[in-house]
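User: I would like to go through the labels attached to this model and see what each one rests on.

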Amino acid sequence: MVSISQDNPKDPRIHIMTFSGDSQYLAVADDFYSISLFKYDYKDEDQDKGKEWSFSGKVRTHLNTIRSIAFGESQTESGEIKLRLFSIGDDKMLVEYDIYNR
């Protein structure tokens with residue numbers, strides 16, 4: 001496990017990490033039953049500043065340990081590929097996250 005913060009040992013610890021197929025997104029699950037999403041993109045959307053990882057959001061959707069997280073893709077009616085993020089936990093819940101409207 002990876003500690004999110006070294007300041008407090010009671011802070012959540014990451015136990016699952018996964019990248020999207022294009023490596024633009026990183027999703028992590030922690031032991032507080034939460035999913036965090038990071039995006040690798042240009043700083044302040046300025047191509048002259050280079051790319052960096054930025055925090056997109058965090059949500060607690062499970063009531064028990066998260067067992068797996070995975071990215072997937074689907075095709076919209078217009079033919080556009082849409083990235084999807086899922087998690088499944090010991091609470092027997094399968095959750096899909098909206099990563100575009102955060």
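The turns below set values against their cut-offs.

User: What kind of model is this, and which secondary structure elements does the protein chain have?

Analyst: This is a predicted model. The protein chain has 8 strands and 0 helices, and its pattern along the sequence reads β-β-β-β-β-β-β-β. The C-alpha trace spans about 40 × 35 × 20 Å along its principal axes.

User: Why does His62 count as buried?

Analyst: Buried means under 20% relative accessible area. His62 has 1% relative accessibility, so His62 counts as buried. In the protein chain as a whole, 29% of the 102 residues count as buried.

User: Where in the chain is His62, and which residues does His62 touch?

Analyst: His62 sits in the loop between β5 (51–60) and β6 (66–75). Leaving out residues up to four places away in sequence, His62 touches Tyr33, Ser87, Ile88, Gly89, Asp91, Met93, Val95 and Tyr97.

User: What makes the pairs of His62 with Ser87 and with Asp91 polar contacts?

Analyst: A polar contact needs a pair of N or O atoms within 3.5 Å, one able to donate a hydrogen and the other to accept it. The side chains of His62 and Ser87 are joined at 2.6 Å, so this distance falls within the cut-off. The side chains of His62 and Asp91 are joined at 3.1 Å, so this distance also falls within the cut-off.

User: Why is Arg84 called partly exposed?

Analyst: Partly exposed lies between buried, under 20%, and exposed, over 50%. Arg84 has a relative accessible area of 25%, and therefore Arg84 is partly exposed. Arg84 belongs to strand β7 (residues 81–89).

User: Which residues does Arg84 touch, and with which side chain does the side chain of Arg84 make a polar contact?

Analyst: Apart from residues up to four places away in sequence, Arg84 touches Ala70, Phe71, Gly72, Glu73, Ser74 and Glu96. The polar contact is with the side chain of Glu96, at 2.7 Å. That distance is within 3.5 Å, so it meets the distance condition.

User: How many residues apart in sequence are Arg84 and Ser20, and how far apart in space?

Analyst: Arg84 and Ser20 are 64 residues apart in sequence, with their C-alpha atoms 9.0 Å apart.

User: How many positive and negative side chains does the protein chain have?

Analyst: There are 13 positive and 18 negative side chains, and the centres of the two sets lie 6 Å apart. His62 is in neither set, because His is not counted.

Technical notes. Residues are numbered from 1 along each chain as its sequence is written. This is a predicted model: local features need pLDDT of at least 70, side-chain atom pairs count only at pLDDT 80 or more; totals for chains, interfaces and linings use all residues. Side-chain values use heavy atoms; hydrogens and water are left out. Helices (H or I, at least four residues) and strands (E, at least two) are DSSP runs, numbered from the N terminus. Buried means under 20% relative accessible area, exposed over 50%, partly exposed in between (1.4 Å probe, protein chains only). The place of a charge is taken as NZ of Lys, CZ of Arg, CG of Asp or CD of Glu. Contact means heavy atoms within 4.5 Å.
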